[in-house]
Amino acid sequence: MISVASWQFLTDLAQNNSREWFLANASRYAQFKANYQALIAELLIEMQAIDPHLELLSPKHCSFRIHKDLRFSKDKTPYKTHLGIWFNTNRNWDNAPGYYLHLEPGKSFIAGGIYFPAAEQLRKIRREISFFHEELSDLLNQAPFVTQFNGFDRDETNQLKTGPKDVDKNHVAIDFLKLKSFTFSQKISDEAVFSKQCKANTLLQFQSMKPLIDFLYRGLETDE
């Protein structure tokens with residue numbers, strides 16, 4: 001997985017997040033980038049065997065630039081201090097369900113689903129839930145998923161207080177229909193990042209997400 005040198009690079013970058021330091025450590029960044037790309041390639045091969053929707057992806061579709069977009073950020077430090085890998089089930093869509101791995105000292109996590117879909121996408125997903133909420137409940141309660149995750153992520157930012165205006169507030173699936181974002185996540189300790197089982201555990205967690213990813217994808221793909 002991630003190398004000790006790359007981990008140390010991220011640690012040092014977090015403490016010295018400036019252009020001057022970054023340029024002075026260009027050789028370390030080059031090693032980090034090589035490790036980053038190798039890790040993506042290694043995981044992508046395994047993930048393409050798990051989810052055929054990923055077959056058109058190459059490593060360049062799954063990585064992020066280390067330079068931050070500062071236009072709308074109060075934090076003006078110029079560089080990201082994590083390694084992120086995003087396996088998008090449809091790279092031709094602006095937003096699609098997918099699988100995400102975030103590696104950062106003290107802040108690593110694994111996640112999946114679709115993050116704040118656009119209005120039309122949200123309408124389609126809610127329609128799918130409205131018709132097939134029993135199936136969704138079954139998927140959320142499957143042993144492989146329950147072992148790894150605790151249902152959809154929920155807080156005051158990603159769900160409505162009552163429900164969509166065009167939905168009966170007594171709908172049996174109203175707790176699902178309130179959601180504005182459909183993600184599930186789990187923290188990863190630094191010790192787990194460097195365990196011998198890290199890659200196997202990551203793939204197991206991704207695999208446990210797939211039925212739910214498929215459910216969300218089906219909703220977006222289905223016409224009226």
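The lining of the largest pocket is a mixed bag: 8 nonpolar residues, 9 polar and 4 charged. Bear in mind that this is a predicted model. The pocket itself holds about 460 Å³ of space. Of its 21 lining residues, Tyr100, Phe109, Ala111, Tyr115 and Thr183 sit closest to the centre. Three strands give two or more residues each to that lining, namely β2, β3 (109-114) and β4 (182-187). Strand β3 gives the most, with 5 residues.

The second largest pocket has another set of walls. Its lining is made up of Arg123, Arg126, Arg127, Ser130, Phe131, Pro164, Asp166, Val167, His171 and Leu177. Helix α5 (residues 119-140) is the top contributor here, with 5 residues.

Then there are closed spaces to look at. Searching the whole structure turns up 1 cavity of 30 Å³ or more. Around it you'll find Tyr29, Phe32, Tyr36, Phe64, Arg65, Ile66, Lys80, His82, Leu83 and Gly84. Both α3 and β1 supply at least two of these residues, and α3 has the largest share, with 3.

Here are the three spaces side by side.

| Space | Volume | Lining by class |
|---|---|---|
| Largest pocket | about 460 Å³ | 8 nonpolar, 9 polar, 4 charged residues |
| Second largest pocket | about 210 Å³ | 4 nonpolar, 2 polar, 4 charged residues |
| Largest cavity | about 70 Å³ | 6 nonpolar, 2 polar, 2 charged residues |

Helix α3 deserves a section of its own. With 25 residues, α3 spans 36 Å from its first C-alpha to its last, close to the 36 Å expected at 1.5 Å a residue. Its buried residues are Tyr29, Phe32, Asn35, Tyr36, Leu39, Ile40, Leu43, Leu44, Met47 and Ile50. Why do steps of three or four keep coming up in a list like that? An α-helix has 3.6 residues a turn, so residues three or four places apart point the same way. As for partners, the buried residues of α3 pack against the helices α1 (4-15), α2 (19-24), α4 (59-62) and α9 (198-221), as well as the strands β1 (83-88) and β2 (98-103).

On to the largest nonpolar core, which has 56 residues. Its members with the most contacts to other members are Phe9, Leu83, Ile85, Phe87, Ile129 and Phe182. Helix α3 (residues 26-50) turns up again, giving the largest share of this core at 9 residues. As for Phe9, leaving aside residues up to four places away in sequence, it touches Trp21, Phe22, Asn25, Arg28, Tyr29, Phe32 and Ile66. Of those, Tyr29, Phe32 and Ile66 are also among the residues that line the largest cavity.

Technical notes. Residues numbered from 1 in each chain as written. Predicted model: local features only at pLDDT ≥ 70, side-chain atom pairs only at ≥ 80, totals over all residues. Heavy atoms only, no water. Core = buried A, V, L, I, M, F, W, Y, C linked by side-chain atoms within 4.5 Å. Buried < 20%, exposed > 50% of the residue type's maximum accessible area, 1.4 Å probe, protein only. Helix = DSSP H or I, 4+ residues; strand = E, 2+ residues; numbered from the N terminus. Contact = heavy atoms within 4.5 Å. Expected span 1.5 Å × (residues − 1). 1 Å grid on protein atoms, 1.4 Å probe; cavity = no way out; pocket = protein on both sides within 12 Å on 5 of 7 lines; lining within 4 Å. Points joined across faces, edges and corners; volume = space filled by probe spheres on them. Nonpolar A, V, L, I, M, F, W, Y, C, P; charged D, E, K, R; others polar.
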